[in-house]
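Work through these exercises with the sequence and the 3D view open. Try each task before you read its solution.

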2 protein chains.
Amino acid sequence: MTSTVLVFLDPAHPDGRIEDASRPQLFATDLGATRGDGVFETLLVMDGHVRKLPAHLRRLASSARLLELEVPEHEAWERAVVTALDEYQRTVGPLQEVVVKLVATRGVEGAHAATCWVAASAPAPAAKRQREEGVDVVLLDRGYDSDLGERAPWLLLGAKTLSYAVNMAALRYAHAHGADDVIFTSSDGKVLEGPTSTVLVAHAERAPGADDAGQVAFKRLVTPQLDSGILPGTSQGALFAAAKDAGWELGYGPLEPQDLFDADAVWLISSVRLLTPVNRIDGKPVGTDPELAKALTAELAALFDRIA
Amino acid sequence: MTSTVLVFLDPAHPDGRIEDASRPQLFATDLGATRGDGVFETLLVMDGHVRKLPAHLRRLASSARLLELEVPEHEAWERAVVTALDEYQRTVGPLQEVVVKLVATRGVEGAHAATCWVAASAPAPAAKRQREEGVDVVLLDRGYDSDLGERAPWLLLGAKTLSYAVNMAALRYAHAHGADDVIFTSSDGKVLEGPTSTVLVAHAERAPGADDAGQVAFKRLVTPQLDSGILPGTSQGALFAAAKDAGWELGYGPLEPQDLFDADAVWLISSVRLLTPVNRIDGKPVGTDPELAKALTAELAALFDRIA
C-alpha cells in the first residue's frame with residue numbers, strides 16, 4: 001500500500017495534487033464509496049511508456065457520458081498521470097511495469113463535483129504468471145440478453161463503472177470452482193466478455209506442407225460484437241489494428257460457446273494482464289494443436305507488445 | 001456534510017471509533033470505492049427509536065454472506081449505532097428523524113479486512129415530500145428474467161451491495177423523463193422492485209352500503225415474490241406482519257404491469273421514505289377510487305408507523 005502513488009485532479013493544482021496513499025483520502029460520504037457511482041480505467045506503463053492512454057481517456061469520457069458524470073478534460077488526466085509517474089519514479093522505483101488507475105466518482109454527497117484521482121502501483125504477481133501460463137475459465141450466465149444494451153441505457157452496459165461487485169463475485173465463483181477466470185455468456189447463449197477482459201478467438205490453418213506451426217496459410221481473429229452490451233476493449237481494439245496490418249482476417253461475433261471449443265486458440269485480453277491464453281473452458285481443453293496455438297499466441301503477443 | 005456523524009467499527013474500540021466526517025476517512029485503495037465491493041443498509045431513527053434494527057442487521061449479514069465478506073457480529077453494529085446516535089444528539093440535534101447508514105466494504109486492497117462504518121445524518125427533504133404527495137414512476141426493464149437469481153448466485157441478486165450505479169442511473173433516467181422513481185420489470189415481464197424500494201399493491205372493496213371509504217369489506221396486500229431476484233424488503237416484511245394482524249389478506253406475486261394498473265393502490269415502501277403512494281405509472285393514473293386509495297394509505301401508514 002505504501003508503494004501506491006496517488007494524485008488527485010484538482011483545479012487548484014493544474015498538474016494534480018499528490019497525496020499520501022497510506023493515509024485516508026476519501027470522504028465516507030463519497031458516492032463512489034457508498035453507491036459505486038463512478039467510472040474508471042486501468043492501464044499499463046511499460047518501460048516508461050504509458051500504453052494506449054488516448055484510448056483509455058476516450059473510454060473514460062464515454063463511460064462518464066453514459067453515467068451523466070462531468071469529468072475533467074483529457075489534458076488534466078494526462079498531466080496527473082505524468083505527475084504520478086514522476087513521483088513513482090522518485091519514491092518507488094523505475095517505470096518498468098506500473099499499473100495506473102484513473103478513477104472518477106460522482107463525488108461527495110451534495111457537493112455535485114466529481115472526485116478524480118490517478119493511482120500508480122506495481123502490478124499483482126498473478127497477472128504475469130497467468131499471462132505466461134494461461135488460465136482455466138468457467139462460462140457463467142451474465143443474465144442479460146445480447147441486444148439489451150441498445151434498448152436499456154439505464155443498465156449502463158458498455159460503461160466501465162465502479163459497480164464491479166458482480167464481476168468480483170463471478171471471479172470468486174470461478175476460484176471456488178477450480179478456475180482462474182470467467183467468460184460471461186448472455187441469456188440468449190452468446191459469448192460476451194470476461195469480468196475484466198475481452199474475449200478473442202483465433203482460427204488458423206497451417207500452410208500446406210509446413211512443419212513449422214508458425215507458417216500459417218490462413219489466420220482469423222474474432223471477438224464478440226460490440227453491440228452485445230460488452231465493454232469496448234481498448235486492448236482488443238489496438239490488437240485488431242495491429243493484426244490487420246500483419247495479415248490477419250478480422251471478425252466480430254456473434255460467438256457461441258461452441259465457437260470457443262471449435263477455435264484453434266482463445267485468449268482473454270486486457271490492459272494489465274495483456275494477452276492471456278485460455279487453456280480450458282468448463283474443464284475442456286481449448287484447441288487441438290497446442291503448437292499452433294503457441295505460435296499464434298507468440299505472434300499476437302509480439303504484435304500487442306509493440307503497440308503504443 | 002458537517003452534520004454527518006461517523007463511527008467506524010474497530011476491534012480496538014468496542015463501542016466504535018468516532019471520526020470527523022468532514023475530513024477524509026477512507027483509503028483511495030478501499031475496494032468499496034474502487035470496485036463497489038461491499039454491502040450496506042439504510043435505516044431510520046424516529047423519535048429516538050431505531051426502526052427494525054434486527055431486520056436490517058439480518059439482511060446485512062445475508063448480503064455479506066452472498067458476497068463472501070466477513071463482517072462484524074450484530075452486537076458490534078448495535079454498539080456503533082448507539083455511539084453514533086449519542087454523538088448525533090450531542091453535536092447535531094435531537095433524534096426526531098435521523099437516517100443511519102451501515103456500510104461494510106471489502107476493505108483496503110491487500111488488507112483482507114472489511115472497512116465498516118455507521119453514518120448518521122438528517123434525511124433528505126425530498127423523502128418527506130414524496131411520502132406525502134406520492135410519486136410518478138416509469139417501468140424500466142432490469143434485463144434479468146425473474147428466475148435467474150436462483151441459478152446464478154454470482155449475480156448477487158438479493159444482496160444489497162454498494163454497486164448501485166445502475167439503480168442511480170435508472171433514477172436519473174426517470175427524472176429526465178418527468179418521473180420521480182422507477183419500478184423495474186424482468187425480461188419476462190414481471191414486476192420486480194424499485195431501485196431503492198419494494199413494490200406493494202392493494203386490492204380492496206368498500207363495505208356494502210358504506211359511504212366512508214375507510215369501511216372496506218375486503219383488503220388484500222400483494223408484493224412480488226422474493227424468489228424473483230429482488231431484495232427482501234425489511235419494510236415490506238414488517239408491514240406485512242402488521243397488516244395481517246389488522247385483517248389484511250396477504251399475497252406474493254408474480255405480478256405483471258397490468259396488475260399495477262388494475263390495483264386500487266400501489267406504493268413504494270422503504271425504510272427512510274416509508275410508505276410512498278404511486279400516483280402514476282408511465283403517465284397513467286393508478287387506481288379508480290382516490291378516496292379509497294387515500295383511506296388504504298392512511299391505514300397502512302399508521303400500521304407502519306407503529307412497528308418497532
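**Exercise 1. Place Q25(B) and decide whether it is buried or exposed.**

Solution. The model is a predicted one.
- Step 1: Take the relative accessibility of Q25(B), which is 13%.
- Step 2: Apply the cut-off: buried means under 20% relative accessible area. Q25(B) therefore counts as buried.
- Step 3: Find its place. Q25(B) lies in the loop between β2 (13–20) and α1 of chain B.
- Step 4: Follow the side chain. The side chain of Q25(B) reaches the backbone oxygen of D20(B) at 2.8 Å.
- Step 5: List the contacts, leaving aside neighbours within four places in sequence. From chain A, Q25(B) touches P24(A), L26(A) and F27(A). From chain B, Q25(B) touches L6(B), F8(B), E19(B) and D20(B).

**Exercise 2. Describe the contact between chain B and chain A: how many residues does it take, and what area is buried?**

Solution.
- Step 1: Count the residues. Chain B gives 48 residues and chain A gives 48 residues.
- Step 2: Take the area. The two chains bury about 4400 Å² between them. Carbon and sulfur atoms hold 63% of that area.
- Step 3: Look for the main contributors in chain B. R35(B), W154(B) and R172(B) supply 18% of the area that chain B buries against chain A. No other three residues supply more.

**Exercise 3. Which polar links cross the interface, and which elements of chain B touch chain A?**

Solution.
- Step 1: Count the salt bridges. The rule finds 4 across the interface of chain B and chain A.
- Step 2: Inspect one of them. D37(B) forms a salt bridge with R172(A), and their closest N and O atoms are 3.9 Å apart.
- Step 3: Count the polar contacts. Between chain B and chain A there are 20 residue pairs in polar contact, with both residues at pLDDT 80 or more.
- Step 4: Name the elements of chain B that give two or more residues to this side. They are α1 (31–35), β7 (135–141), α5 (148–151) and α6 (165–176).
- Step 5: Find the largest share. α6(B) provides it, with 7 residues.
- Step 6: Sort the residues on the side of chain B that touches chain A. They divide into 28 nonpolar, 10 polar and 10 charged.

**Exercise 4. What rotation superposes chain B on chain A?**

Solution.
- Step 1: Recall that two copies of a chain are related by a rotation about an axis and a shift along it.
- Step 2: Read the values. The rotation is 180°, the shift along the axis is 0.0 Å, and the RMSD is 0.0 Å.
- Step 3: Conclude. The two copies are therefore related as by a two-fold rotation axis.
- Step 4: Check the surfaces. 100% of the interface residues of chain B are also interface residues in chain A, so the copies meet through the same surface.

**Exercise 5. Where are the cis peptide bonds at P254(A) and P254(B), and what is the phi of K52(A) and of L274(B)?**

Solution.
- Step 1: Recall the background. Most residues other than glycine have a negative phi, and most peptide bonds are trans.
- Step 2: Go to chain A. A cis peptide bond joins G253(A) and P254(A), with omega about 0°. P254(A) sits in the loop between β11 (249–252) and α8 (257–262) of chain A.
- Step 3: Go to chain B. A cis peptide bond joins G253(B) and P254(B), with omega about 0°. P254(B) sits in the loop between β11 (249–252) and α8 (257–262) of chain B.
- Step 4: Turn to K52(A). Its phi is near 55°, a positive value. K52(A) lies in the loop between β4 (49–50) and α2 (53–66) of chain A. K52(A) is buried, with a relative accessible area of 7%.
- Step 5: Turn to L274(B). Its phi is near 65°, also a positive value. L274(B) lies in strand β13 (residues 274–281) of chain B. L274(B) counts as buried at 3% relative accessibility.

Technical notes: Residues are numbered from 1 along each chain as its sequence is written. Chains are lettered from A and ligands numbered from 1 in the order in which they are written. This is a predicted model: local features need pLDDT of at least 70, side-chain atom pairs count only at pLDDT 80 or more; totals for chains, interfaces and linings use all residues. Side-chain values use heavy atoms; hydrogens and water are left out. Contact means heavy atoms within 4.5 Å. Buried area is the accessible area (1.4 Å probe) that two parts lose on being put together, summed over both. A salt bridge is a side-chain nitrogen of Lys or Arg within 4 Å of a carboxyl oxygen of Asp or Glu. A polar contact is a pair of N or O atoms within 3.5 Å; within protein, one must be able to donate a hydrogen and the other to accept it, and residues adjacent in sequence count only if both atoms are side-chain atoms. Helices (H or I, at least four residues) and strands (E, at least two) are DSSP runs, numbered from the N terminus. Ala, Val, Leu, Ile, Met, Phe, Trp, Tyr, Cys and Pro count as nonpolar, Asp, Glu, Lys and Arg as charged, and the others, Gly among them, as polar. Copies are superposed by least squares on the C-alpha atoms of residues with pLDDT of at least 70 in both. Buried means under 20% relative accessible area, exposed over 50%, partly exposed in between (1.4 Å probe, protein chains only).
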